[in-house]
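Okay, thanks everyone, I'll keep this short. Have a look at the screen while I talk you through this one.

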Amino acid sequence: MITFCSSKIISVARPDQAPVTHKFMMLFSGGGGEVLVPARSTTDRTAVSILYAAEAKLWNRTISFVSVAGLMALFTFGSLLLFWRSLNS
């Protein structure tokens, strides 16, 4: 259900540069052996990420967000209900 992924991005242009380690978490899905493509920010050239984690699993990210937000709303509602009952007793 939860997959923790880790990768190292090595620069081809500057092989002496230390590899950048990138870690991310996927809910309800895994990598499945897909090729990871590094992506660099256009505004900050030092910011490097993996395109797979950023864009390729948008539906997975949406379901994950809705699930976590729904659980948090449920717990918040339950806490408020218990608080309301304790005030009225």
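I'll go through confidence, the overall layout, the core, a couple of residues and then the pocket.

First, a caveat: this is a predicted model. The protein chain comes out at a mean pLDDT of 78, with 80% of its residues at 70 or more. Where is confidence lowest, and where is it highest? The low end is helix α1, residues 51-56, with a mean of 56. The high end is helix α2, residues 58-88, which gets 90. And the usual warning applies: don't read predicted coordinates in detail where pLDDT is low.

On to the layout. We've got four strands and two helices in the protein chain. Reading from the N terminus, the order is β-β-β-β-α-α. The chain has 89 residues, and 16% of them are buried. If you take contacts between residues at least 6 apart in sequence, 44% of those link residues at least 24 apart.

Now, the core. Which residues make up the largest nonpolar core? There are five: C5, I9, F24, M26 and I50. Strands β1 (2-9) and β2 (20-27) each put at least two residues into this core.

Let's zoom in on one of those, F24, which sits in strand β2. Why does F24 count as buried? Its relative accessibility is 10%, and the cut-off for buried is under 20%, so it qualifies. F24 also has F4 to look at: the two are 20 residues apart along the chain, with 6.1 Å between their C-alpha atoms.

For contrast, take I2, over in strand β1. I2 has 47% relative accessibility, so it goes down as partly exposed; the exposed class starts over 50%. I2 pairs up nicely with M25 for a distance check: they're 23 residues apart in sequence, and C-alpha to C-alpha it's 7.1 Å.

Last stop, the pocket, for those of you itching to dock something. The largest pocket holds about 260 Å³ of space. How many residues line the largest pocket? It's 13, and S11, Q17, V20, R40 and V48 are the ones nearest its centre. Strand β3, residues 38-40, gives the largest share of that lining, with three residues. By type, the lining splits into eight nonpolar, three polar and two charged residues.

That's my tour, happy to take questions.

Technical notes: Residues are numbered from 1 along each chain as its sequence is written. This is a predicted model: local features need pLDDT of at least 70, side-chain atom pairs count only at pLDDT 80 or more; totals for chains, interfaces and linings use all residues. Side-chain values use heavy atoms; hydrogens and water are left out. pLDDT is the predictor's confidence in each residue, from 0 to 100. A nonpolar core is a set of buried Ala, Val, Leu, Ile, Met, Phe, Trp, Tyr and Cys residues joined through side-chain atoms within 4.5 Å. Buried means under 20% relative accessible area, exposed over 50%, partly exposed in between (1.4 Å probe, protein chains only). On a 1 Å grid over the protein atoms alone, a cavity is a set of points where a 1.4 Å probe fits but cannot get out, and a pocket is an open set with protein on both sides within 12 Å along at least five of seven lines; lining residues have an atom within 4 Å of a point. Grid points are joined across faces, edges and corners, and a volume is the space filled by probe spheres set on the points. Ala, Val, Leu, Ile, Met, Phe, Trp, Tyr, Cys and Pro count as nonpolar, Asp, Glu, Lys and Arg as charged, and the others, Gly among them, as polar. Contact means heavy atoms within 4.5 Å.
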